[in-house]
Amino acid sequence: MHHQLQQVIVVGAGVAGARAAESLRLDGYDGALTIVGAERHAPYHRPPLSKKLLSGKVHRAGIDMAPQFDLDARVLRGASAVGLDMSSRTVQVRDENQDMSLRFDGLVIASGADPRQWPGGPVPDGVYLLRTVEDCLAIRKRLGSRPRVVVVGGGFIGAEVAATCRSMGLDVALIEKAVGPLVQALGEELAPCWAELHRQHGVDVRIGVGVDEFIGNGRVEAVRLTDGSQLSADVVVVGLGVAPATDWLADSGLRVDGGVVCDATGAAEGATDVVAAGDVARWWHPLYEQHLRIEHWDHAARQGAAAARTLLAGSDNAEPYDEVPYFWSDQYDFKIQLLGVTTDYDSFQIIEGDPRTSQFVAAYGRGGHTIAVVSTIADRVYAYRDAIGKRAEFPPRLPD
């Protein structure tokens, strides 16, 4: 136990921050605890925003994270961290236009990520980003009038929104600049398969094209694509990915490079008694031998808990966190599950089933080792956990 900690601040109330705060208390930290949350809500789960909360299958209260116990914490809601001064060990916070300076001797950075804004400047009414519960409810309200929906960006959020809207019987188009959906996470080999999945469910999938402009007088009416074609649209959801929320760390002395750079225990480089977790953090992963920033719910939760343990143990006694990242995405009746990360893969193989039947398992390799497995067969990825964790040769052998 790292007894000198008496004032810990957690910046961020998403799943990483919430789990970090919980873990601090569970592991015996009994000093002062302050949680700074940029949103006005109690912590909630984000995955349903593009799925069941958007379709109305789940009510607003159904996505709140159920607190396991009273955290005995001071919680600031609708408050943003705007600066970090390591010499005085203070976090500058803006809360309803009031500035305050909060002292700490231990800090958890879990400020998450912000959606990338539309690069072409202001957009007409009816064009949305989807990151917060407010975004979701605003879009959901519009869906009640049976609009024509255009989704820009075929990453996981875009693909899930397209699937959700299509499952509600709406007219949906999905636009992706690359060779198909989910390319960044799952590679080019499978892109046609995901495009086909959406087409089979009636989505107008446009690939290899971008958006030229949104057309409409104050309110969006159509989207013009870079190939000159035009799509009618009453609602547009833009999903261009996210960027780690690190602006407030600009003069902190922490190493920020595509996220807060951390060692394998979550300790931030350039500071003592500072850890980071979740979408904002780039941890060294012993298995992949590189820094990884991973935008997955399951990973953020586990990383938040690991970061808290590191803070309490002190950097000399902290344990590296080396679990294989896990991710899932629900689209129509499919659960796409990914174990591992596909970063810089140099080989790819279908190892079970057949993508044409939409029931298959595929593996990714790098340097002769298996680094990731994706599957549309429920929970089949877990059978490959050892292959990935032990850097088995590629392609992995079929589990028993």
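Is Phe-156 buried or exposed in this predicted model? Phe-156 is buried, its relative accessible area being 15%. The legends below start from this residue and then move to other views.

**View 1. Phe-156 in helix H4 of the predicted model.** Helix H4 spans residues 156-167, and Phe-156 belongs to it. The relative accessible area of Phe-156 is 15%, so the residue counts as buried, the cut-off for that class being under 20%.

**View 2. Contacts of Phe-156.** With residues up to four places away in sequence not counted, Phe-156 touches Leu-182, Ala-185 and Leu-186. Phe-327, Ser-329 and Gln-331 are also touched by Phe-156 under that condition. Val-183 is 27 residues from Phe-156 in sequence, and their C-alpha atoms are 9.7 Å apart in space.

**View 3. Gln-290 in strand S21.** Strand S21 is made of residues 290-292 and contains Gln-290. Why does Gln-290 count as buried? Gln-290 has a relative accessible area of 18%, and buried means under 20%, so the residue falls in that class.

**View 4. Contacts of Gln-290.** Neighbours within four places in sequence are left aside here. Gln-290 is then in contact with Trp-283, Trp-284 and His-285. Thr-343, Asp-344 and Arg-366 are likewise in contact with Gln-290.

**View 5. The annotated segment, residues 7-304.** The unreviewed UniProt entry annotates residues 7-304 as "domain: FAD/NAD(P)-binding". Over these residues, helix makes up 20% of the chain and strand 31%. The C-alpha atoms at the two ends of the segment are 18 Å apart.

**View 6. The whole chain, for context.** The secondary structure of the chain consists of eight helices and 26 strands. The radius of gyration is 22 Å, close to the 21 Å from the globule rule for 400 residues, so the chain is as compact as a globular protein of that length. Along the principal axes, the C-alpha atoms fill a box of roughly 60 × 55 × 35 Å. Of the 400 residues, 54% count as buried. Among contacts between residues at least 6 apart in sequence, 59% join residues at least 24 apart.

**View 7. Surface and charge of the chain.** The chain exposes about 17700 Å², and 46% of this area is supplied by carbon and sulfur atoms. How many positive and negative side chains does the chain have? There are 39 positive and 52 negative side chains. The centres of these two sets lie 5 Å apart.

Conventions: Residues numbered from 1 in each chain as written. Predicted model: local features only at pLDDT ≥ 70, side-chain atom pairs only at ≥ 80, totals over all residues. Heavy atoms only, no water. Helix = DSSP H or I, 4+ residues; strand = E, 2+ residues; numbered from the N terminus. Buried < 20%, exposed > 50% of the residue type's maximum accessible area, 1.4 Å probe, protein only. Contact = heavy atoms within 4.5 Å. UniProt positions renumbered as here; feature names shortened; annotations may be inferred. Rg over C-alpha atoms; globule rule 2.2 N^0.38 Å. Areas by Shrake-Rupley, 256 points an atom, 1.4 Å probe, with all protein chains shown as cover. Lys, Arg positive; Asp, Glu negative; His and termini not counted. Charge placed at Lys NZ, Arg CZ, Asp CG, Glu CD.
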